[in-house]
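Me: I would like to go through this model step by step, with the reasoning spelled out before each answer.

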Amino acid sequence: MKILVSLLAVSALWAAGPRREFTPGEVWPDTDGNPIQAHGGGLLRHKGRWYWYGEDKALGNFNRTGVAVYSSKDLYNWKREAIALRKDDVPELFRDHGVCERPKVLYNRKTRKFVMWMHLDDRGYAEASAGVAVSDSPTGPFRFLHQIRPIHYDFGYPEKDRTNQRERGSTYRDMNLFLDDDGRAYAFYASEDNWTMYVVRLNAEFTGPEAPAVLGRTWARILVRQMREAPAPFKHKGRYYLITSGCTGWNPNRAGYAVAGNILGPWTDMGDPSAGPEAETTFRSQSTFVLPAPGAGKGAFIFMADRWMPKSLQDSRYVWLPFRVDAAGRIELKWRTRWDLNIFKSELK
Ligand code: DGJ
């Protein structure tokens with residue numbers, strides 16, 4: 001029966017031909033006809049291909065499978081490559097009913113390694129740590145290196161702290177990575193129990209924070225006490241942008257963005273980037289990544305977000321929307337039911 005169903009799915013796909021547009025919020029099948037499982041994901045461009053890494057939630061919430069990786073040459077059609085980091089390759093606490101979220105991968109040109117960072121947690125979200133894994137190939141297998149809280153800093157610890165930040169360092173949850181033009185890499189993450197965002201420069205191997213960590217020099221507290229998560233950084237005309245969401249679990253909320261001339265700040269709040277109906281919930285989605293749009297000139301980007309389905313997380317959808325930074329350095333996200341990259345030659349020229 002299962003074989004028949006997948007044969008039918010493949011033949012339906014075959015009849016439909018390759019995909020040539022994005023349909024935000026719809027089921028997005030891979031080239032085998034199965035819904036793409038790459039939630040909280042991020043993209044890496046390497047040797048003419050994009051790789052999409054994300055949480056495989058086919059078996060439901062928590063880390064039951066690991067981090068999946070898909071590849072594409074056109075961003076519309078995605079081939080499932082592998083489980084890049086298998087759930088059994090992270091420490092036991094983070095398998096099965098543990099948490100392995102928002103994986104992101106950078107390529108380190110000096111070491112020639114692919115480096116994956118992720119948010120690891122126990123099911124109660126009190127471990128709140130980073131995980132780091134490396135691989136010689138973009139499709140893995142990634143080898144788990146260590147679990148860390150990159151920064152230890154006295155921000156005025158809360159009296160009762162179930163996350164033990166005084167002893168163990170500032171918490172690490174929703175995260176992203178950013179590779180700057182000068183080859184230096186940064187991790188952005190919700191810290192201080194999600195109250196404050198941290199941006200931390202990584203060491204030359206991208207496997208940990210630059211040491212010694214010096215506040216204002218190698219790392220910074222940004223969006224202080226603003227309770228933001230789901231950071232999605234990008235850069236345009238020498239300025240850094242960061243889209244974030246509020247913290248409301250799996251339920252969507254209003255996005256915000258901030259801009260800075262220096263990645264370590266100061267960051268200026270620019271308000272909500274979304275416009276039109278459902279802007280107040282970011283079109284029922286939550287940011288995960290921003291990708292420079294290919295072949296579209298400077299300032300063209302794709303906003304990538306997750307439309308979580310809290311009751312059946314495996315059915316969560318993806319919301320990808322195009323935007324262009326305007327002359328004043330502002331951005332606007334608008335809902336579109338369907339669109340393709342030609343939009344950057346017409347409406348978003
Ligand atoms: C919101 C985060 O952005 C998600 O990645 C996930 O951790 C959920 N919270 C869990 O409630």
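Me: In what order do the four strands of the open sheet lie, and is the pairing parallel or antiparallel?
Reply: This is a predicted model, and the reply rests on its computed strand pairing. The edge strands, each of which pairs on one side only, are strand 1 (39–46) and strand 4 (79–86). From one strand to the next, the twist averages 25°. The pairing in this open sheet is antiparallel, and the order of the strands is 1-2-3-4.

Me: Which residue of strand 3 stands opposite tyrosine 51?
Reply: Strand 2 covers residues 49–55 and strand 3 covers residues 66–72, and the two pair in the antiparallel sense over six bridges. In strand 3, the residue that stands opposite tyrosine 51 is serine 71.

Me: How many disulfides does the count come to?
Reply: A disulfide requires two cysteine sulfur atoms within 2.5 Å of each other. The closest cysteine sulfur to that of cysteine 100 belongs to cysteine 247 and lies 19 Å away, which is too far for a bond. Cysteine 247 is likewise in no disulfide, the nearest cysteine sulfur being that of cysteine 100. By this rule, the number of disulfides is zero.

Me: Is cysteine 100 buried or exposed?
Reply: The term buried applies under 20% relative accessible area. For cysteine 100, the relative accessible area is 7%, and the residue is therefore buried.

Me: Which residue forms a salt bridge with aspartate 180?
Reply: Aspartate 180 sits in the loop between strand 9 (175–179) and strand 10 (185–191), and its partner lies 55 residues apart from it in strand 13 (residues 228–236), so that the pair links distant parts of the chain. Aspartate 180 counts as buried at 6% relative accessibility, whereas the partner counts as partly exposed at 22%. The closest N and O atoms of the pair are 2.8 Å apart, and the residue that completes this salt bridge is lysine 235.

Me: How far apart are the closest N and O atoms of arginine 86 and aspartate 89?
Reply: Side chains of opposite charge can pair when their charged atoms come close. Arginine 86 is partly exposed, with a relative accessible area of 47%, and aspartate 89 also counts as partly exposed, at 26% relative accessibility. The two residues form a salt bridge in which the separation of the closest N and O atoms is 3.1 Å.

Me: Which residue meets glutamate 278 in a salt bridge?
Reply: Glutamate 278 is partly exposed, its relative accessible area being 32%. Its partner is partly exposed as well, with a value of 40%. The two side chains meet at 3.1 Å, N to O, and the partner is arginine 284.

Me: How many salt bridges does the structure hold?
Reply: Some of the charged residues are joined in a network of salt bridges, which links Lys87, Asp88 and Asp96. For the structure, the number of salt bridges is 21.

Me: Of the residues that line the largest pocket, which are the closest to its centre?
Reply: The largest pocket has a volume of about 1,100 Å³. The elements that give two or more residues to its lining are strand 1, strand 5 (99–108), strand 9, strand 13, strand 18 (286–292) and strand 19 (300–307). The lining comprises 44 residues, and those closest to the centre of the pocket are Phe178, Leu179, Asp180, Asp181 and Pro292.

Methods
Residues are numbered from 1 along each chain as its sequence is written. This is a predicted model: local features need pLDDT of at least 70, side-chain atom pairs count only at pLDDT 80 or more; totals for chains, interfaces and linings use all residues. Side-chain values use heavy atoms; hydrogens and water are left out. Buried means under 20% relative accessible area, exposed over 50%, partly exposed in between (1.4 Å probe, protein chains only). Two strands pair if DSSP finds at least two bridges between them. Axes are lines fitted to C-alpha atoms, for helices over the stretch in contact, and angles run from 0 to 180 degrees between N-to-C directions. A salt bridge is a side-chain nitrogen of Lys or Arg within 4 Å of a carboxyl oxygen of Asp or Glu. On a 1 Å grid over the protein atoms alone, a cavity is a set of points where a 1.4 Å probe fits but cannot get out, and a pocket is an open set with protein on both sides within 12 Å along at least five of seven lines; lining residues have an atom within 4 Å of a point. Grid points are joined across faces, edges and corners, and a volume is the space filled by probe spheres set on the points.
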